[in-house]
Structures are given as C-alpha cells and as structure tokens.
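Biologist: Could you take a close look at one part of this model with me? I would like to start with the sheet and see what is built around it.

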Amino acid sequence: MHRYNQRPIEIGRLQRHAMDHFYSHGAQLGFTPVAEPAEKVACIGAGPASLACAAELRKNGYSVTIFESKALPGGLNTYGVAEYKLRPSDSLREVDLVRSLGVEIRFGVSAGSDITVEELERDYSATFLAVGLGPAELLRIPGEEMAHVVDALRFIAAYKTAEPIPVGRKVVVVVNLQPRKLRGVESNGMIVAASSGPDGSPVLAGFLEDVPVGARLK
Ligand SMILES: Cc1cc2nc3c(=O)[nH]c(=O)nc-3n(C[C@H](O)[C@H](O)[C@H](O)COP(=O)(O)OP(=O)(O)OC[C@H]3O[C@@H](n4cnc5c(N)ncnc54)[C@H](O)[C@@H]3O)c2cc1C
C-alpha cells in the first residue's frame, strides 16, 4: 500500500482483534477430538505449522506427538516475532489450546540426533516436518563476526525470553533497504549492532557496502 501512498492494512491489529474476540467468547474450538485415536503421527517442531497440523490431525482422529528441540513451544511466534506484535504469553496461550486437544509435546528433543528417522518411522504412521527456516542468513560481509554484532532473530529471542543481550551505550540498527534474495526469498536483511570505539563513539559493525566497516558514526 505504501507504493500507492495509501494507509496500510494493519494485519497485526486484525489478528489481535480476532484472537481477543475468540478468548473473550469462551475460546471454543468448535469440535471434539476423537477419544481413541487409531494411528499415531509425529510432528517435528512446535511452531505454528506443526501446531496447526496437530490440531487438524486431532480433529480427524489421529494421535499426535510433537518433538521440539527448544525449551518452549510456539516457534518464531514465541521466540522471533517482536514483542510489541506478539507477547510470548499470547503465543503460549495458543499452544495450550492445541495441547487441550490431547496433543503431547516433548521438549528438548531434536529430530535427527535425539530421535532418529528410523525411530520415527518405526513408532509413527507418518511424520510431519515443520522445522522452520532455522537461523538467520549470514550476510557474509567483513565485520559480521565482531563482538556485539547480533542478528535480529537472536536479539529478539533473547529479549523475549527475559535474557536480553547487553548493548553498549549507543546502539546502531543496520537495515538493508535493498531487497535481497535469501534462499530464493525476497528479504530485508537486518543487523542490530552495538559497539564502541576507544573513545566511546559508536562504530559501524556491518554492512552497508559503501561505508567502510569500522567507520566512526557521527
Ligand atoms: C522477525 C519476524 C517477524 C514476524 N512477524 C510475523 C507477523 O507479524 N505475523 C505473522 O503472521 N508472521 C510473522 N512472522 C512469520 C512467522 O513467524 C513464521 O511464518 C512462522 O513462525 C513459521 O512457522 P513454522 O512452524 O514453519 O516455523 P518456526 O516458527 O520457525 O518453528 C519451527 C520449530 O521447529 C523447531 N525445530 C527446528 N529444528 C528441529 C529439530 N531438528 N527437531 C525438533 N524441533 C526442531 C524450532 O525450534 C522451532 O520451534 C515473522 C517472522 C519473523 C522472523
């Protein structure tokens, strides 16, 4: 809508309104899961994709176990979407709805190491892989490895799980305004950098190509 100089549609507020309405009207999912499921399905990852899949499977009479490598469920909804848009408590509340259908979630279990493909094939009729995109794409630019250069996903995850990464006196947020192709997907890369030169002035740690890394910022 920006392109047409029009007011953007506030999708976040629409989503929030829908969920607030749902909870304030009894949070009824509108179906009862089948009590004695016939077949077992494994879902890998406890992000939105697996949770949606698990709810549908329970609706259709399957038993579901989700394997999640992290300590909390919800995937990027819990760890990655900035808090002003989605608090961890809201994400976890939605996970509880799925669990209330009888979905089991096993935490700290990484598929491929803690549980093998052979074990999954032996114990489950089907396996749904929903491991997300993984860590942020590296930009492969000089200075990226410097101390205090933090990619946005790690920064947000630390903040949302109450272990904020300490930042310097001044913070530089570096945003690539040029859309780039990352893994074939258009994306705006972003680095949050907090750094200080010997005299305490902030130092650019990445990644605008026409600005030398280490340049003092005014
Ligand atoms: C910064 C940011 C802002 C966003 N803002 C919004 C927004 O405002 N609105 C919106 O609708 N969407 C937003 N999104 C997109 C949304 O978060 C994703 O589309 C969604 O989380 C994808 O769900 P997923 O289940 O595929 O993957 P993920 O959410 O990434 O979940 C994957 C899960 O799999 C687990 N996992 C990975 N490997 C293994 C393994 N081997 N074994 C076990 N578990 C494993 C991970 O720990 C993780 O919990 C945003 C994303 C980001 C990064």
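In what order do the strands of the open sheet lie, and how are they paired?

Modeller: Happy to! Two notes before the sheet itself. Residues are numbered from 1 along each chain as its sequence is written. The model is predicted, so local features need pLDDT of at least 70 and side-chain atom pairs count only at pLDDT 80 or more, while totals for chains, interfaces and linings use all residues.

The open sheet has four strands in the order E3-E2-E1-E4, and their pairing is parallel. Helices (H or I, at least four residues) and strands (E, at least two) are DSSP runs, numbered from the N terminus, and two strands pair if DSSP finds at least two bridges between them. Strand E3 (104–107) and strand E4 (126–129) stand at the edges with a single partner strand each, so each has one side without a neighbour in the sheet. From one strand to the next, the twist averages 20°; such angles run from 0 to 180 degrees between N-to-C directions, with axes fitted to C-alpha atoms, for helices over the stretch in contact.

Let's follow E1 to its edge partner. E1 and E4 run parallel and are joined by four bridges, with isoleucine 44 opposite leucine 129 in E4. Across E1, E2 and E4 lies H2, which runs at about 165° to E2.

The largest nonpolar core has 18 residues. Such a core is a set of buried Ala, Val, Leu, Ile, Met, Phe, Trp, Tyr and Cys residues joined through C-beta atoms within 7 Å; buried means that 20 or more other C-beta atoms lie within 10 Å of a residue's own, with C-beta atoms placed from the backbone. Val41, Cys43, Ala54 and Leu57 are among the residues with the most contacts inside this core. Strand E1 (40–44), helix H2 (48–59), strand E2 (63–68) and helix H4 (88–99) each supply at least two of its residues. Leaving aside neighbours within four places in sequence, alanine 54 is in contact (C-beta atoms within 7 Å) with Cys43, Val64, Ile66, Val98 and Val103.

H2 and E2 turn up again at the ligand. Of the 25 residues around the ligand (C-beta atom within 6 Å of it), Gly45, Gly47, Ala49, Gly75 and Gly132 come nearest. H2, E2 and helix H3 (76–79) each give two or more residues to this shell, and H2 has the largest share, with three.

Key:
A residue is buried if 20 or more other C-beta atoms lie within 10 Å of its own, exposed if 12 or fewer, and partly exposed in between; C-beta atoms are placed from the backbone. Two residues are in contact if their C-beta atoms, placed from the backbone, lie within 7 Å.
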